[in-house]
Amino acid sequence: MITAVVGLQFGDEGKGKVVDFLSGFHGIVVKYNGGRNAGHTVVTDAGTFKFHLIPSGSLRAREIVLANGMTIDPFYLVEEIRNARAANPDIKVLVSRMAHVVTELHMYLDTREEEARGALKIGTTAMGIGPAYEDKYGRTGIRMGDLASPEVLKAKLSLMTRMKASLLKGSKYEKPEELDRIVAELAGAGREISGYMCDTEVYLDGCHGRKADILFEGSHGTLLDVDFGMYPYVTSSNTLAGAVSVGSGFSFRRVHNVIGVVKTYMSRVGEGPFPTEISGNEADRLREMGHEYGTTTGRPRRVGWLDLQLLKYSIMINDVDSLALTSLDTLGKMSEVRVGTGYRKDGKEITGIIRSMKELEGLEVQYRSFQPWGELSDGQVEDMMRRGKEAMPDSLKEFITFVEDSTGKPAEFISLGKKREMTLVSGVFAGRVK
Ligand code: IMP
């Protein structure tokens, strides 16, 4: 089985839990976009694990692959592999020689670029991801394979400082000895990682030939896609299921199953349009109950109601087969549960996706309200795991059926709590639960 998991909103949909769960029966988990800006949390009996660079499936998978579409901070990679090994000692790690390297220079530039943007700032995670992808597409980037050659590193870093001279003015990066230090440190990290590096696209092709089960873990969310998201309030990579091909060299024609992860309310960090955003006490309550603080930056997340219009767009653009609905336990504790069903402006229906702050101005969102299902006790959740939807409170069932009917997609994963086992699974993966 070849499966792709993608977030259908602004990231932080709960992909970590879904991927951790699926990695129990996909031996190989591949990341194909993004870098340290991503953040996924997995809760198991052994504790809470936060992942950024390496896949959330790293606790259970036999092999993890960091493919060419990623931007990798090599020092952070060394640290995350060490942490993953503590929980999963036999895990095999493969890193593409073609993935791009994020250096401290890129992180510095990320902050300087945000300052330069002023009112047009994006609210990035400041992890250097944008500048690293700029270098990739500007054809000045450092690839993981370059870590083996201090001469190449030095030449590329010098070029970068010349091209970005205005942003680096007055910083320590104008000093040649600083570049020498970075070269030496990167080369050191490169030596530690060299054993993991290979042509991951060739390796994955071999895995496919052996009929291995492979899981592609998308980072971020569809609405942060650099092409189809709410540009410019997006990340710098393609976040769609379609990016599996260019981000890993594995043909899209081989993917059997695309699972779209949907948080049943929404959150966003950084700037940009958010039509169903809420504020005040109601937002504070949702943020606190859902622990909605960035996994990467700790920033409080903006929160709001599920937006069906955006969700339908994300389902279309990813050609999603089934949905994974998350955070229903948190949503049910609100005093009112709402879902945005459509938009109107000046009395007229607005179809499609809202992409700019201008389009957001004067927009009215239509809502449907649901009776909250309240706090779910452990006993109730256990009963649902045994008897399925039948054991759900009526209002919860009604909510799920409404989302399924409105999108035309089955909710084959229903997450009712943070722990692994609190997930109701139907469809192709039912009965494969480990
Ligand atoms: P960057 O990816 O750091 O350049 O940030 C660009 C935008 O994407 C900012 O609004 C970030 O907050 C957002 N972003 C990037 N990665 C994630 C993620 O994994 N979850 C949520 N938001 C993200």
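From which domains does the shell around the ligand draw at least three residues each? In this predicted model, the shell takes at least three residues from domain 1 (2-76 + 202-432) and at least three from domain 2 (101-194).

**View 1. The shell of residues around the ligand.** The ligand is surrounded by 17 residues, of which Asn37, Thr125, His220, Thr235 and Val269 come nearest. Sorted by class, this shell holds nine polar residues, six nonpolar residues and two charged residues, and both domain 1 (2-76 + 202-432) and domain 2 (101-194) contribute at least three residues to the shell.

**View 2. Polar atoms facing the ligand.** The side chain of Asn37 places a polar atom 2.8 Å from an oxygen atom of the ligand, while at Val269 a backbone N or O atom lies 3.0 Å from an oxygen atom of the ligand. The side chain of Asp12 has an N or O atom that is 3.3 Å from a nitrogen atom of the ligand. Taken on its own, the ligand has 470 Å² of accessible area, and the protein covers 97% of that area.

**View 3. The pocket that holds the ligand.** The ligand sits in the largest pocket, where Asn37, Thr125, His220, Thr235 and Val269 are the residues that come nearest to the ligand.

**View 4. The cavity and its lining.** Rolling a probe the size of a water molecule over the atoms shows where empty space remains. The count comes to one cavity of 30 Å³ or more, and the largest cavity has a volume of about 50 Å³. The lining of the largest cavity is made up of Lys17, Val18, Phe21, Ala324, Leu325, Thr326, Phe413, Ile414, Ser415 and Thr423.

Key
Residues are numbered from 1 along each chain as its sequence is written. This is a predicted model: local features need pLDDT of at least 70, side-chain atom pairs count only at pLDDT 80 or more; totals for chains, interfaces and linings use all residues. Side-chain values use heavy atoms; hydrogens and water are left out. A residue is near a molecule or strand if one of its heavy atoms lies within 4 Å of it. A polar contact is a pair of N or O atoms within 3.5 Å; within protein, one must be able to donate a hydrogen and the other to accept it, and residues adjacent in sequence count only if both atoms are side-chain atoms. Accessible areas come from the Shrake-Rupley method with a 1.4 Å probe; for residues, only the protein chains shown count as cover. On a 1 Å grid over the protein atoms alone, a cavity is a set of points where a 1.4 Å probe fits but cannot get out, and a pocket is an open set with protein on both sides within 12 Å along at least five of seven lines; lining residues have an atom within 4 Å of a point. A molecule sits in a cavity or pocket if more than half of its atoms lie within 2 Å of its grid points. Ala, Val, Leu, Ile, Met, Phe, Trp, Tyr, Cys and Pro count as nonpolar, Asp, Glu, Lys and Arg as charged, and the others, Gly among them, as polar. Domain bounds come from an automatic or database domain assignment. Grid points are joined across faces, edges and corners, and a volume is the space filled by probe spheres set on the points.
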